[in-house]
Amino acid sequence: MSHGRFTMPTEENFFEESKKLAELWGADAVRNSDGTQLDHDVLDLGKRVYSAYFPTRGHNEFMVGKMRYVPQVYLLSERTLAEGESVTIPLLATYFEEQLQVNHDDDPAQYWEVIDRTSGETLPTASWSYDATTDCVTITGATSMHEYTVTFLAYVIWDPVQMYNHITNDWGDKEHEIAFDPRHPEVRDFMYETLEKWLADNPHVDVVRFTTFFYQFTLIFNNLRREKIVDWTGFQVTVSAQALADFEKQYGYRMRPEDFVDAGSYGSSFVNPGKPQRDWLDFTFHSVQHMIKHMVDLTHAAGKEAMMFLGDQWIGTEPYSKEYPGLGMDAIVGSVGDGTTTRMIADIKGVRYHEGRFLPYFFPDSFYDGADPSIEAWDNWRKARRAILRSPLERMGYGGYLSLANKFPTFVEAVAHIADEFRDIYDRSGGVGAQPQLTVAFLDAWGEQRSWQGFTVAHALPNKYNRNYYGILEAISGMRVNVRFISFADVLEGGVPDDVDVIINAGPAATSYSGGDAWANPALVSAIRAWVRSGKGFVGVGQPTAIDRQGRFFQLADVLGVDEEIYRSLNVDKYWPEPTEDHFITAEFEAPLDFGETITNTFPISQDTAVLRAEGGEVQLAANDYGKGRGVYLSGLPYSATNARLLERILFWVAGAEEHYAEWSSSNPDCEVAYFPASRCYAVVNNTGQPQATTVALPGGERVDVELEGSGILWKDYED
């Protein structure tokens with residue numbers, strides 16, 4: 001049993017059990033969670049003390065008479081059909097009224113919009129009226145059989161995270177916490193004074209875990225108390241009349257309500273961001289960065305560390321911005337859902353250490369009679385471990401009610417094993433990631449700003465609509481490659497970075513990830529073509545570079561060797577080459593591969609295209625030589641060990657690095673190898689819960705047979 005690098009949650013009236021678990025798990029720090037408080041006796045354990053701190057909630061007494069200061073959001077009413085010249089629209093018909101309240105303090109005629117969604121026309125304010133007693137808008141002079149919506153401002157009167165935890169844990173009569181918006185000077189002064197007092201009153205706290213700062217990612221519930229709008233990168237709850245005025249003063253134009261709701265997309269990161277959305281994100285960050293810096297400085301002045309939780313009210317903090325390191329944060333902590341979210345935490349620059357909060361959270365939705373939460377714990381650890389071997393976390397921990405976890409001895413033992421293994425990885429690796437063999441860059445509209453956050457709706461939850469693409473991130477999070485994120489603007493301004501071997505452009509057509517209108521720019525198309533032809537690799541997934549232009553849908557069809565028929569050229573015959581049976585990419589795979597949701601009507605544009613997999617008249621996988629470089633088309637890649645292996649072979653081939661593929665490879669796709677040259681050792685990991693055997697290929701041709709127990713890891717010394 002080892003000790004340290006572990007933060008354990010604890011609670012009141014649970015001291016003796018906490019002491020035993022701290023010893024078993026090797027905890028060197030304790031923390032409270034939302035809904036729990038630290039027992040005073042726990043301070044006698046001599047552990048470092050973390051305390052969750054909520055800068056903008058938990059002070060309902062301050063908000064008495066100040067409800068104008070709560071955060072606000074632009075919401076869209078349900079589309080309502082006019083069947084005559086008049087139509088009435090209830091604004092909150094499908095929203096959770098315990099969470100939301102219509103803002104009728106600020107003039108609706110000035111701040112709202114009513115739009116004919118059939119014609120696209122914005123109605124003049126004289127044609128509609130709002131009844132504050134019924135929260136309904138009535139439109140006169142409507143066009144029959146047209147649909148109408150109202151975009152209105154609403155107060156978020158119940159903090160979304162406390163609300164979520166309240167509903168999940170059935171907290172019953174516990175007071176609903178009201179959040180507040182720091183844009184108002186009175187609120188800022190209260191926040192600073194409250195923090196200073198709290199710091200003075202809590203000398204035992206070593207680390208202030210800011211959870212998070214000011215603006216909640218979009219989390220809106222419906223009238224059935226279920227999630228209605230969830231967006232991990234959503235910036236909707238940042239608006240107010242004051243914010244709109246400040247923005248107009250700084251940027252010289254006024255944001256429309258439609259800029260926030262976008263006909264129902266609510267600023268989804270899948271939508272190509274226009275100037276208003278980019279400007280608003282920039283405005284929000286620069287509006288709060290000085291507040292964050294001041295709170296960090298107050299924390300340091302009190303002799304404590306400042307830690308930011310990457311979750312909850314993280315909007316506006318922009319942890320991947322160039323300015324973030326200047327805020328002075330000591331540490332970052334985030335929820336580890338899988339390898340992708342592990343990398344999202346671990347790759348942030350400008351902090352001294354990174355901590356992962358592993359799953360499951362000690363809440364009743366995972367810890368109940370008949371459950372075995374150790375299953376989720378091991379699954380979570382295996383996913384995260386792949387990523388940790390490539391980009392280490394310095395610390396780990398859990399959250400929630402420790403008393404719940406203590407009722408499950410199998411889980412308790414699992415955590416003990418995981419914690420020891422986490423520390424062993426850090427010690428053996430020297431706290432550095434394994435050696436990469438290639439550099440791969442994701443190319444989209446967001447670039448570095450949304451590193452490891454692509455294709456995300458809810459945190460670590462892929463679904464039918466994004467699994468083709470999220471699986472790429474998950475696969476590559478634990479792969480022997482260095483990962484970059486670059487934007488179309490980056491390429492146009494400075495070209496592709498010199499160290500990049502392969503570019504991946506992936507996503508559905510017309511999204512921010514595929515690129516949409518970005519590919520109408522000849523300069524971008526030419527730049528990527530020239531880069532590939534010089535000897536580099538380009539991988540397109542789904543509908544890459546897609547825009548209907550000049551007779552092509554995939555603008556880099558010539559690079560990929562594949563295009564998509566969009567019913568413009570059915571009269572032009574398409575002759576498929578014979579399938580390529582023998583190819584480096586598919587050498588290991590005999591059984592059918594899972595390409596996810598079908599991309600219809602993809603076809604090879606040339607007899608020179610190597611079609612590696614096709615089904616039902618659609619290309620699923622193809623390879624193409626392009627000058628000195630190469631292109632690969634892939635219809636989709638849901639995450640699995642087999643698909644991760646497929647992507648790995650694709651990347652080495654398209655980079656022209658096949659001869660190096662065997663070095664540090666595993667013969668079994670369920671096992672992976674991580675080499676640490678500074679420590680002169682390598683790790684072989686089993687990414688399943690069942691025993692596995694594999695053969696590891698070392699540089700020079702030596703092969704080592706390895707047997708691993710379920711979830712096992714084996715370390716071996718290596719002398720080159």
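**Entry 1. Contact between H9 and H10**

I began with two helices and listed the residues through which they touch. From H9, Gly339, Thr342 and Arg343 meet Lys383, Ala384, Ala387, Ile388 and Arg390 of H10. Sorted by class, I find three nonpolar, two polar and three charged residues in this contact. I note here that I am reading a predicted model.

I then looked up the geometry of the pair. H9 covers residues 339-346 and H10 covers residues 373-390. Their axes lie 7 Å apart, and the packing angle is about 35°. I recorded the crossing of H9 past H10 as right-handed.

**Entry 2. Ala384**

I chose one residue of this contact for a closer look. Ala384 belongs to helix H10. Is Ala384 buried or exposed? I found a relative accessible area of 0% for Ala384, and because buried means under 20%, this residue counts as buried.

Which residues does Ala384 touch, once those up to four places away in sequence are set aside? I listed Val336, Asp338, Gly339, Thr342 and Phe358. Gly339 and Thr342 had already appeared in my first entry, as residues of H9 that meet H10. I also checked the spacing between Ala384 and Arg343: their C-alpha atoms are separated by 8.6 Å, while the two residues stand 41 residues apart along the chain.

**Entry 3. A sheet of three strands**

I turned next to the strands. What is the order of the strands in the open sheet? I read it as E6-E10-E9, and the pairing is antiparallel. Strand E6 (86-90) and strand E9 (128-131) form the edges, each pairing on one side only. From one strand to the next, I noted an average twist of 20°.

I followed one of these pairings further. Strand E10 takes in residues 136-140, and E6 pairs with E10 in the antiparallel sense over five bridges. For a single residue I looked up Thr88, whose bridge partner in E10 is Thr138.

**Entry 4. Domains**

Finally I consulted the domain assignment of the chain. Domain 1 is given in two segments, 1-46 and 360-429. Domain 2 is assigned to 438-660, and domain 3 to 665-717.

How far apart are the centres of domain 1 and domain 3? Taken over C-alpha atoms, I have 27 Å between the two centres. I also noted the residues that take part in the contact of these domains: eleven residues come from domain 1 and 15 residues from domain 3.

Terms used:
Residues numbered from 1 in each chain as written. Predicted model: local features only at pLDDT ≥ 70, side-chain atom pairs only at ≥ 80, totals over all residues. Heavy atoms only, no water. Pairing = 2+ DSSP bridges. Helix = DSSP H or I, 4+ residues; strand = E, 2+ residues; numbered from the N terminus. Axes fitted to C-alpha atoms, helices over the stretch in contact; angles between N-to-C directions. Left-handed = near helix turned anticlockwise from the far one by under 90°. Contact = heavy atoms within 4.5 Å. Nonpolar A, V, L, I, M, F, W, Y, C, P; charged D, E, K, R; others polar. Buried < 20%, exposed > 50% of the residue type's maximum accessible area, 1.4 Å probe, protein only. Domains from an automatic or database assignment.
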